[in-house]
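Biologist: Could you walk me through this chain with a few questions and answers? I would like to follow the reasoning as we go.

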Amino acid sequence: MSLESILNAESVAIVGASKNETKRGYQTIRTLVDEKYEGNIYPVNPKEKSIMGFKCYKNVSDIKGSVDVALVCTPARSLPAVLEDCGQKRVKGAVILAGGFGEIGDDGRKLENEMVAVANKHNIRLIGPNTSGMLNLHDSLNLVGLKDTPKGDIALLTQSGNMALTLITEAKIKSRKGFSYYVGVGNEADIKFHEYLEFFRQDPKTKAILMYVEGLRNGREFVQQAQKTTLEKPIILLKSGRSSTGKKSAGSHTGALAGISEVAKGAFQLAGIIVIENSDELFPAAETLSSLPPIKNNKIAILADGGGHATIAADILTDLGVEIPELNAKTQANLRKILPAAASVPNPVDVAGGTDADPSVFADCADIILKDPNVGGLMVVGLFGGYGIRFAESLSLMEEDAAHRMGKMVKKRHKPIVLHSLYNSERPHALELLRYYNIPVYDSLDISAKCISVLAEYGNYLNSYRPKHNFDLNWGANARPEGQKIIDAARHDGRRALLEHEAKELFAIHGAPVTGDRLVQTPDEAVEFAQSLEKTVVLKIVSPDILHKSDAGGVRVNLKTEKDIRSAFKEITANAHQYQKNADIRGILVSPMANKGVEVIIGTKYDDQFGPVIMYGLGGIMVEIIKDVSFRVLPITRSAAKRMIEQTKSFPILDGARGNPKLDQQAIRKLLMLCSEIVEAYPDIEEMDLNPVIVHEKGISIVDARVILKQKTGDPSSF
Ligand code: ADP
Ligand code: MG
C-alpha cells in the first residue's frame with residue numbers, strides 16, 4: 001500500500017486531544033489551525049465535549065466522516081485498544097508518539113508486537129512508535145507541533161527528533177531551502193525506512209532526501225529501494241554508531257572485523273547514497289544536491305581573490321577525490337584579457353586584485369571558466385559578497401549584478417557554482433541573491449568544498465551506474481554437485497567448519513587458484529609428495545579441533561629437505577596433542593610453498609541488517625592492527641570489486657609503490673567475484689575466510705581457506 005493516504009492525509013483524528021497547552025494533544029490542533037490545514041480535524045477525548053471549537057469524540061469509531069490518519073498522543077499501554085478503535089473506523093494510518101516499546105527491552109517489545117498485530121489485522125500502517133511525528137509542509141499537515149518549519153523540496157527522514165530540529169533550524173537560519181516532508185521514523189515497528197524512500201521517490205515535490213539513521217530494520221531492502229531512488233533524486237545520509245564495534249564472531253577474522261558501519265557505508269555507496277560523516281556537512285550537502293545539477297566529469301575550477309583560500313580549497317578537494325584540471329588555452333587567454341598581469345589563470349584562478357575596483361568581474365571570469373568543456377563546476381572562494389563591506393559600499397551593487405549573472409549562468413550551462421564567502425554571516429544582499437538562484441554559500445572552506453565534491457560524487461555515481469548493479473541474490477545458481485557433496489559430507493561428519501583441504505577443494509571446483517596440496521598420514525607419504533613436487537613445502541595440521549593452526553603450533557613453512565619434513569611432521573603432531581588432549585587429527589596437509597608476494601585477506605559473513613557481505617584487506621599486521629579493510633554487500637560486480645581494492649589505504653603496496661612491482665590486481669578482483677558467486681551458490685555457507693591469499697606479479701595463491709557452515713541450512717529467501 002502506498003503511504004499516500006497517511007503522508008497526504010485529508011482528515012486527522014487526534015487521540016488524546018487536550019485543552020492543556022503543554023500537551024501534544026493541544027499543540028497539534030493549535031498548529032493545524034494556525035497553519036490553516038484544510039483537512040478535517042477530529043479531537044478524540046472521552047472527557048471533553050469540544051476543543052478549540054471542534055466537536056470532541058469519545059472514540060475514533062464515533063467520528064462521522066472518514067479518517068485518514070490518527071495522531072495518537074496517549075501512553076504506550078493504551079495502544080492496542082486505540083488501534084482496535086481506529087480499526088473499526090477503517091483509519092488508514094496512525095502516528096504513534098509514545099515511547100516505551102521495543103527500545104526499553106523485552107516487555108516493551110512484547111507490547112510493540114501486540115500493537116503491530118492489531119494494526120496489521122485492520123490494515124493500519126504505523127509511523128513510529130517513539131517518534132516526534134510527521135509533517136507534510138505543502139499541505140500544512142503538521143503532526144509535530146513545530147512551528148515555522150521552512151517549506152521546500154527536501155524530504156527529511158530521521159531517527160532522532162533532535163537531529164530533525166537541528167536540520168530544520170539550520171535551514172531556517174542559514175539558507176533559503178526548506179522541506180517537503182519530515183518523518184520521524186521512530187522504532188520502524190511497521191513502516192520501514194525503505195517504504196518512505198519509495199514514497200519520496202515518486203513525490204514530485206521532493207527533490208532530495210535527507211536522512212539521519214541509527215539502525216535499519218532491513219538494510220538490504222533499504223539499499224534496493226535507495227538504488228532505484230538515487231537514479232532519480234539524491235539521498236544524503238548520515239549514519240551514527242561508527243564507534244561501536246561489530247559483533248564478535250569467534251570463527252574468523254572477517255566476523256570480528258565486520259563493524260556494521262563499514263558494511264553499511266559500502267552498501268550505501270553502492271546504492272548511490274551520498275554518505276556524510278561530519279554532521280556539520282549534512283544539511284549543506286542536502287541543500288547543494290537538491291539545488292544544483294551534478295558534476296558530470298569530476299572536474300572543477302576554483303576562482304579566488306587570494307592565494308590562501310584557493311590553495312586550501314584545492315587541497316581539500318584533492319583529498320575528496322575531485323580533479324582540478326588545467327584550464328584550456330582559450331579559457332586562459334580569455335581570462336588574461338580581463339585580469340591584471342599578476343593573475344594566475346591555469347586553475348585555481350587567482351584574480352590578483354582584478355576584482356577590487358569592480359567585483360562583477362567575478363561573473364565575467366565565471367562565465368569564461370564554465371564555458372571550458374573541461375570544467376564541470378565552479379567553486380568561488382574568498383571575499384565575494386563582502387566587497388561592499390570591506391572596501392566601499394558602492395561595490396555592493398556590482399556584486400549584486402554579478403550574483404544575478406552567476407545565478408542565470410548555472411541554469412544556462414547546467415554546471416553548478418558553490419561559494420565560500422568569509423562575509424557570509426553578515427548576510428550581504430549579493431549572497432542572498434545567490435541563494436535565491438539556488439547557489440549555496442558557506443563561510444567554511446571545508447563545507448563549501450565538501451558540497452561541490454558531493455555534486456561530483458553524485459555525478460560520478462550516475463555516470464558509472466549499470467543496470468546489472470543490483471542487490472538481488474541468485475541463490476543456488478552456480479552450485480556444483482561436487483561442491484555440495486563436500487558440504488554435505490562435513491554436515492554428515494557433524495561439523496560446521498570445512499577442513500582446510502575441503503575448503504580449498506570447494507574453491508578449486510569453482511576454478512580458484514588454490515595451492516595443490518595433499519593430505520597425508522605418514523612422514524613417508526609427506527616426503528614422497530614433497531619430492532614429487534620438487535618444491536619447498538609447508539606442513540600443516542588438519543584437525544576439526546584446531547581452527548587456527550598457527551596458534552596450536554600446527555604450521556611449519558619453508559621445508560626444503562627430507563630431514564626438515566620428517567621433523568616438522570613429528571613436531572606438528574606433538575604440538576597438536578599438546579594444544580588439545582586427544583585432538584582429532586585427520587592428517588597433515590603438505591602444501592607447496594607459494595611464491596613470494598603480498599598477503600591479502602578476503603572473507604564473507606552474514607550481517608544482521610544486510611545479509612551476506614564480503615571483506616577485503618591487506619593481510620598480516622594491516623588487517624589486525626590497522627583494520628585497513630573494505631566491505632561490500634553481496635553480490636558484487638567487477639567495478640565494485642575494483643573499488644574495494646582501490647579504496648584501501650594500503651592499495652599503493654599492490655600498485656607499485658616505491659619501485660616495487662605492480663601486483664596482479666585483476667586476479668584479486670576475479671577472486672572477490674568468485675567468492676560472491678560461491679556464497680550465492682551455497683546458502684549453507686555462513687562465513688568464509690581466505691587468509692592469506694598471496695598476490696604475485698602474475699597470479700595469486702590461496703594458501704589458507706576456511707569455510708564455516710550455518711547452524712542449519714539457511715532459508716536464503718530471508719535475505
Ligand atoms: P592459520 O591461519 O590456520 O594459522 P595458515 O594456513 O594461514 O594457518 O598458515 C599460517 C601462515 O603460513 C600463513 O599466513 C602464511 O604466511 C604461511 N603459509 C601457509 N601456507 C603457505 C604456503 N603454501 N605457501 C606459503 N606460505 C604459506
Ligand atoms: Mg590463515
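**Salt bridges, a metal site and a surface patch**

Modeller: Happy to, and let me start with one residue of this predicted model: at 45% relative accessibility, Arg217 counts as partly exposed.

Biologist: Which residue forms a salt bridge with Arg217?

Modeller: Arg217 sits in the loop between strand S12 (208-213) and helix H7 (219-230), and its partner is in helix H4 (residues 106-121), 105 residues apart. That partner is buried, with a relative accessible area of 4%. The closest N and O atoms are 3.2 Å apart, and the partner is Glu112.

Biologist: Good. How many residues apart in sequence are the parts that Lys299 and Glu323 tie together?

Modeller: Their side chains meet in a salt bridge, at 3.7 Å from N to O. Lys299 lies in the loop between helix H10 (279-291) and strand S15 (300-304), and Glu323 in the loop between helix H11 (307-319) and helix H12 (329-338), so the parts tied together are separated in sequence by 24 residues.

Biologist: Now for Arg405 and Asp364: which helices does their salt bridge tie together?

Modeller: The N to O distance in this pair is 2.1 Å. Arg405 is partly exposed at 29% relative accessible area, and Asp364 is partly exposed at 28%. The two lie 41 residues apart in sequence, Arg405 in helix H15 and Asp364 in helix H13, so the helices tied together are H15 and H13.

Biologist: And which residues are the protein donors of the magnesium ion (ligand 2)?

Modeller: One donor is in strand S28 (residues 685-695), the other in the loop between strand S29 (700-702) and strand S30 (705-709), 13 residues apart. Asn691 counts as buried at 17% relative accessibility, and Asp704 is buried at 10%. With donor atoms O and OD lying 2.1 to 2.2 Å from the ion, the residues are Asn691 and Asp704.

Biologist: Is Lys64 buried or exposed?

Modeller: Lys64 is in the loop between strand S4 (54-55) and strand S5 (69-72). On the surface, Lys64 gathers with Lys49, Lys55 and Lys58 in a patch of positive charge. Exposed means over 50% relative accessible area; Lys64 has 73%, so Lys64 is exposed.

Biologist: Finally, the whole chain: what share of its 719 residues count as buried?

Modeller: The chain's secondary structure comes to 25 helices and 30 strands. Its C-alpha trace spans about 95 × 80 × 35 Å along the principal axes. Buried means under 20% relative accessible area, and the share of residues that count as buried is 58%.

Terms used:
Residues numbered from 1 in each chain as written. Chains lettered and ligands numbered in written order. Predicted model: local features only at pLDDT ≥ 70, side-chain atom pairs only at ≥ 80, totals over all residues. Heavy atoms only, no water. Patch = residues over 30% accessible without salt bridge, like charges linked within 9 Å, V, L, I, M, F, W, Y side chains within 5 Å. Areas by Shrake-Rupley, 256 points an atom, 1.4 Å probe, with all protein chains shown as cover. Salt bridge = Lys/Arg side-chain N within 4 Å of Asp/Glu carboxyl O. Lys, Arg positive; Asp, Glu negative; His and termini not counted. Charge placed at Lys NZ, Arg CZ, Asp CG, Glu CD. Helix = DSSP H or I, 4+ residues; strand = E, 2+ residues; numbered from the N terminus. Buried < 20%, exposed > 50% of the residue type's maximum accessible area, 1.4 Å probe, protein only. Donors = N, O, S within 2.8 Å, 3.2 Å for Na, K, Ca; no water.
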